[in-house]
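I set out to record, entry by entry, what I looked up in this structure. My topics are burial, contacts, charged pairs and strand pairing.

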Amino acid sequence: MELGLRSNKDSNPLLVAAIALVVLGLGISYVTWHNLRQQRETINEHMFLSSRVILRGIETSLMREMRGHRRHGMRGMMQQQQPLPSIKPQVVEMLSDLVNQSEVEFLSLYAQNGRMLLSVGAEGLNYPEIPGHGWDVLQSTGEWQAFYSGDKRNIFVAALRSRRGLGQLCEMDSGMGTTGVGVPYLVVGLDATRHLQQFKKFRSTAMYQTLYVLLVALFLWGLAIAYLRRRDQGRRLNRLERFHSRLLDTMPDGLVTLDDDGLIRAANPAAENILEVEGKKRLVGRMWTDLPLRSAGGRDISAQDKCGSGRTWVQYEYAGRSLEVLCLPIPPSERGADEASERLVLVRDRTEIKALEDDLVEVRHLAAVGRLAAGLAHEIRNPLSALRGFAQFFADKLRGQSPEEQYADTMVREADRLDKVVSDLLFLSRPRTPERSAVDMQQLTADLRHLLSRDFELRGAEFGTQLSDAPVHADPDMLKQALLNLVINSLNAVPDAASGETGRVEVATYQEGNATIVAVRDNGHGMTDEDREHALEPFFTSRKEGTGLGLAIVHRIMRAHGGQVSLVSTTDERVHGTEVRLSFPLVIEEERLDGVDNDA
């Protein structure tokens with residue numbers, strides 16, 4: 001069984017601390033990465049500044065050399081009438097000395113159209129070419145930079161737009177026109193190995209530090225998670241133990257643990273109460289075979305049979321109670337290897353259930369008797385009709401002859417009463433399902449008035465109604481039969497004309513909560529508490545000439561409708577009478593519902 005735990009506020013600080021460590025580690029990682037990027041940008045800026053300084057120095061030297069060469073060349077031409085010598089060897093020598101004595105890998109001079117005019121570099125160096133997008137940047141901004149890695153060399157390349165006068169140097173040497181060279185570009189390549197090695201050392205140190213912080217953060221995070229999980233497991237285990245303890249203490253069935261010899265090792269409170277004998281509630285330490293368990297038939301059984309056999313419930317009698325016992329062996333996988341075999345015994349008190357089962361058996365017998373009575377009533381009705389017919393014939397034949405006329409009339413009346421009893425028995429044994437509809441209470445009470453008008457006249461009583469607009473949904477025929485029985489009972493209970501008091505029977509309807517009440521009231525002598533308690537039972541009557549089936553039939557009709565019958569009566573001398581209330585649940589007709597839906 002798995003039990004859930006509520007979130008505990010005590011774990012929040014630990015979780016917050018662990019999350020803070022992880023966030024701190026991620027923050028340090030981000031800062032380290034940001035610093036590395038800034039360090040690399042700083043190296044690029046430093047090397048670009050160095051390249052600019054070198055290129056501007058070379059540009060200045062070339063301009064100075066060009067002016068000196070022009071002055072000496074012009075003087076020689078004027079004295080000796082010779083052409084101006086080439087300056088390229090001097091420029092190449094100067095640039096070669098610069099390449100050999102510094103970190104400069106190569107120096108190049110490009111024309112404006114991208115043609116290389118001059119290049120001096122280290123031996124065996126493959127000169128990196130400026131890509132197309134580099135020329136676009138160079139022509140638009142006048143400067144460009146990039147890193148090249150190849151041939152186990154790391155070269156930082158920078159290019160600058162030089163002075164237009166330097167282009168004249170190229171024109172003097174190459175004989176090209178001004179438009180051919182234009183504004184030249186100086187390109188320098190610096191050895192970036194030393195700078196990159198320092199950057200790699202810095203990056204390795206930063207990465208190791210970041211990795212260490214992350215590992216520490218992950219370790220602390222895992223440690224916190226393991227601690228919380230261990231603590232939750234411990235709390236869950238404690239709660240499971242408490243749950244099992246409460247379950248065993250509160251379960252309605254008894255649970256007993258037996259060792260291999262049948263000694264009771266443990267018992268829950270339910271087992272103590274069920275197996276209590278002569279005030280001895282303590283079961284632990286007693287032998288199970290010593291308990292006075294008897295078989296369901298009341299005979300003594302052997303000690304070996306008291307635990308039952310197999311996985312079936314066995315019934316026993318114990319101190320006047322009926323018990324069920326189930327004995328189960330504990331599998332070896334659920335106990336330790338060094339523990340002896342044990343058994344679990346479940347004890348269930350089924351005394352009340354057995355009483356209900358006995359009552360059910362009795363009810364079934366009564367139902368069988370009822371079916372038999374229904375069959376007999378059906379068989380009695382046919383000859384009874386013939387007997388009544390002959391009795392009526394003799395009553396008419398012996399009219400005016402005494403006492404034969406009285407005997408014949410008595411036979412007719414008793415046959416009619418017996419026929420009514422047979423009809424009531426048939427209804428009780430074969431109730432039908434009501435066909436509900438909206439009942440017109442005005443018409444129904446008018447029919448009752450017409451049917452019983454002669455009886456009310458002979459009794460000297462009044463029949464009244466007090467009907468409301470509350471709807472009554474019931475089977476009209478069954479409701480008419482119920483009201484007919486109630487009105488006849490009330491009519492027999494009201495005072496007759498000879499008593500000097502006018503009897504009154506009234507049928508009323510009203511709504512009470514979610515039910516419609518149909519009430520039959522009278523001002524009769526009322527009912528005692530004992531009469532009200534047994535009034536709905538079949539064949540119970542307080543009148544000598546009654547059959548005791550009238551209210552039983554009413555009760556059966558109301559049960560078929562899902563309603564209730566309640567009796568309110570008083571025998572007080574000043575205020576007396578009885579009111580029988582039939583409660584019908586309200587039913588909304590489907591036609592009304594459909595009409596509401598259509599209107600909506």
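**Entry 1: Serine 322**

I located serine 322 in strand S10, which covers residues 321-329. I note at the start that I am working with a predicted model. I then asked whether serine 322 is buried or exposed. Its relative accessibility is 9%, and buried means under 20%, so I entered serine 322 as buried. Next I looked up its contacts, leaving aside neighbours within four places in sequence. Serine 322 is in contact with Tyr316, Arg348, Asp349, Arg350, Thr351 and Lys354.

**Entry 2: The nonpolar cores**

I turned to the largest nonpolar core and found that it has 34 residues. Leu479, Leu483 and Leu582 have the most contacts inside it. I listed the elements that give two or more residues to this core: the helices are H10 (441-451), H12 (476-493) and H14 (550-560), and the strands are S15 (504-512), S16 (515-522), S17 (564-571) and S18 (576-585). Which element gives the most to this core? I found that H12 does, with 7 residues.

I then followed leucine 582, again without its neighbours within four places in sequence. Its contacts include Leu479, Leu483 and Leu486, and also Thr516, Ile517 and Val518. I wrote down the remaining contacts of leucine 582 as Val554, Met558, Gln564 and Val565. There is also a second, separate core, which has 30 residues; Phe48, Leu95, Leu118 and Phe199 are among them.

**Entry 3: Salt bridges**

I looked up how many salt bridges the structure holds, and the number is 12. One of them joins the side chains of arginine 454 and glutamate 457, at 3.8 Å from N to O. Both residues belong to helix H11 (residues 453-459), and because they are 3 residues apart, about one helical turn separates them. Glutamate 457 has a relative accessible area of 57%, and I therefore recorded it as exposed, which requires over 50%.

I next examined the salt bridge between the side chains of arginine 521 and glutamate 579, at 3.5 Å from N to O. Arginine 521 lies in strand S16 and glutamate 579 in strand S18, so this pair ties together parts that are 58 residues apart in sequence. Arginine 521 is partly exposed, at 24% relative accessible area, whereas glutamate 579 is buried, at 13%.

Glutamate 579 also meets arginine 581 in a salt bridge, with 3.1 Å from N to O. I recorded arginine 581 as partly exposed, with a relative accessible area of 27%. Which residues are linked with these in a network of salt bridges? I found that the network links Glu462, Arg504, Glu506, Arg521, Glu579 and Arg581.

**Entry 4: Pairing around strand S15**

I returned to S15 to look up its partners. Strand S13 (residues 462-466) pairs with S15 in the parallel sense, over 5 bridges. Glutamine 466 stands opposite alanine 508 in S15. By contrast, S15 and S16 run antiparallel and are joined by 8 bridges. I noted valine 507 as one residue to follow here: its bridge partner in S16 is valine 520.

Finally, I looked at the hairpin of S15 and S16, which has 2 residues between the strands. In this hairpin, glycine 513 takes a positive phi near 70°.

Key:
Residues numbered from 1 in each chain as written. Predicted model: local features only at pLDDT ≥ 70, side-chain atom pairs only at ≥ 80, totals over all residues. Heavy atoms only, no water. Core = buried A, V, L, I, M, F, W, Y, C linked by side-chain atoms within 4.5 Å. Buried < 20%, exposed > 50% of the residue type's maximum accessible area, 1.4 Å probe, protein only. Helix = DSSP H or I, 4+ residues; strand = E, 2+ residues; numbered from the N terminus. Contact = heavy atoms within 4.5 Å. Salt bridge = Lys/Arg side-chain N within 4 Å of Asp/Glu carboxyl O. Pairing = 2+ DSSP bridges.
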